[in-house]
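Here is a briefing on one predicted model. Its topics are salt bridges, sheets, helix packing and nonpolar cores.

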Amino acid sequence: MSTGKLYGIGVGPGDPELLTLKGLRILQSVPVVACPQDRRGEAGWASRIVAQYLVSTQKLRALHMPFVPEREQLEPAWAAAADLLYEDLSAGLDVAFITEGDASFYSTFTYLLGEFQTRYPHIAIEVVPGVCSPLAAAAALHMPLVIGSEVLTVMPAMHRLADLEQALLHADTVVLLKVTGVYEPVYRWLEEREWLGQAFLVEWVSGANQQVHRCLPPPGEKLPYFSLLVIRRSAHLTG
Ligand SMILES: C[S@@+](CC[C@H](N)C(=O)[O-])C[C@H]1O[C@@H](n2cnc3c(N)ncnc32)[C@H](O)[C@@H]1O
């Protein structure tokens, strides 16, 4: 029996219509759909984005892929997730691993891909890109993320304000992902420089509960995990 194929599909940032036609076609053709679990242990946001496209005969596998920095916890979880999907693949079933946004942009799919490339290299893999959150945020804000010869820096997590300072020396636009935990110091930093007018916050971009803040909410407000901040040096191009 031939083995199944593993697909990594970026399903976009929230609006189900931002899934590519290719992603949709593959998603509806596979018997097994897999995604990371959320913090409650249920199928995470990627599965909710595409829920309307799935049918009850498709098996949905919610994989335990913890959100922790410790590699000693992460690596066994990635290996176990790959082993579980390998069972389906070796039974000849195609599997689509769905991931929010794009599959190669700070995505858990990358860890799974690594497991397959090293441990199950005979499995055929196809990656289908998706719309990543900074691009959707620029669309929601009606402004370019970058234009002409401008430079873009994406910071997936900011540990020190000095890193932001450094990034803004070189980049015209800085996108801060995972901004929730650092929002207050970043707000104060922008305030001190009188840059609050050049920073924009988008929560749940393109989803039904999207919030676009052209004027930043005061620090102290609890932001959802799915929030990002766009800082543009040239305020005249901010739409
Ligand atoms: C691990 S990264 C995943 C990025 C994702 N693969 C993508 O293509 O956008 C998670 C961070 O991306 C940002 N993010 C992802 N989706 C978002 C959304 N729909 N709205 C706002 N921010 C989002 C948030 O900053 C979040 O903390």
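The structure holds 16 salt bridges. This is a predicted model, and the bullets below take some of these pairs before turning to sheets, helices and cores.

**Salt bridges**

- In helix 3 (residues 71–90), Arg-71 and Glu-75 sit four residues apart, so about one helical turn separates them.
- Their side chains meet in a salt bridge, at 2.7 Å from N to O.
- Arg-71 counts as partly exposed because its relative accessibility is 48%. Glu-75 is partly exposed as well, at 37%.
- Helix 7 (residues 183–192) holds Arg-188 and Glu-184, which are four residues apart and so separated by about one helical turn.
- The closest N and O atoms of the Arg-188 and Glu-184 salt bridge are 3.4 Å apart.
- Arg-188 has a second partner in Glu-191: these side chains form a salt bridge at 3.5 Å, N to O.
- Glu-191 and Arg-188 are three residues apart in helix 7, about one turn of the helix.
- The residues of these helix 7 pairs are partly exposed: Arg-188 has a relative accessibility of 37%, Glu-184 has 39%, and Glu-191 has 38%.
- Elsewhere, salt bridges with shared partners join Lys-5, Lys-22 and Glu-126 into one network.

**The parallel sheet**

- One open sheet has five strands in the order 3-2-4-1-5, and its pairing is parallel.
- Which strands form its edges? They are strand 3 (59–63) and strand 5 (125–128), each of which pairs on one side only.
- From one strand to the next, the twist averages 20°.
- Strand 2 (residues 32–36) runs parallel to strand 3, and five bridges join them.
- Within this pair, Cys-35 stands opposite Ala-62 in strand 3.
- Helix 3 packs on this sheet. Its contacts are with strand 1 (6–10), strand 2, strand 3 and strand 4 (95–99).
- The direction of helix 3 makes about 160° with that of strand 3.

**The mixed sheet**

- Another open sheet of five strands follows the order 6-7-10-8-9, with mixed pairing.
- Strand 6 (152–155) and strand 9 (211–213) are its edge strands, each pairing on one side only.
- Direction ignored, neighbouring strands here are turned by 15° against each other on average.
- Strand 6 and strand 7 run parallel and are joined by four bridges.
- Thr-153 stands opposite Val-174 in strand 7.
- Helix 5 (residues 133–141) lies across strand 7, strand 8, strand 9 and strand 10. Helix 5 runs at about 65° to strand 10.

**Helix 6: two sides**

- Which residues of helix 6 are buried? They are Leu-164, Ala-167 and Leu-168.
- Seen down the helix axis, the buried residues of helix 6 fall within an arc of 95°, so they line one face of the helix.
- On the other side of helix 6, Leu-169 and His-170 are exposed.
- The cover over the buried residues of helix 6 includes strand 6, strand 7, helix 7 and strand 10.

**Nonpolar cores**

- In soluble globular proteins, nonpolar side chains tend to be buried together.
- The largest nonpolar core here has 21 residues. Those with the most contacts inside it are Leu-164, Val-179, Val-186, Leu-190, Leu-216 and Leu-229.
- At least two residues of this core come from each of helix 6 (161–170), strand 7 (173–176), helix 7, strand 8 (199–203) and strand 10 (227–232).
- Helix 7 gives the most to this core, supplying five residues.
- Not counting residues up to four places away in sequence, Leu-164 touches Met-155, Met-158, Val-174, Val-186, Trp-189 and Ile-231.
- A second, separate core has 20 residues, among them Val-32, Leu-74, Val-95 and Leu-112.

Technical notes
Residues numbered from 1 in each chain as written. Predicted model: local features only at pLDDT ≥ 70, side-chain atom pairs only at ≥ 80, totals over all residues. Heavy atoms only, no water. Salt bridge = Lys/Arg side-chain N within 4 Å of Asp/Glu carboxyl O. Buried < 20%, exposed > 50% of the residue type's maximum accessible area, 1.4 Å probe, protein only. Core = buried A, V, L, I, M, F, W, Y, C linked by side-chain atoms within 4.5 Å. Contact = heavy atoms within 4.5 Å. Pairing = 2+ DSSP bridges. Axes fitted to C-alpha atoms, helices over the stretch in contact; angles between N-to-C directions. Arc of directions from axis to C-beta.
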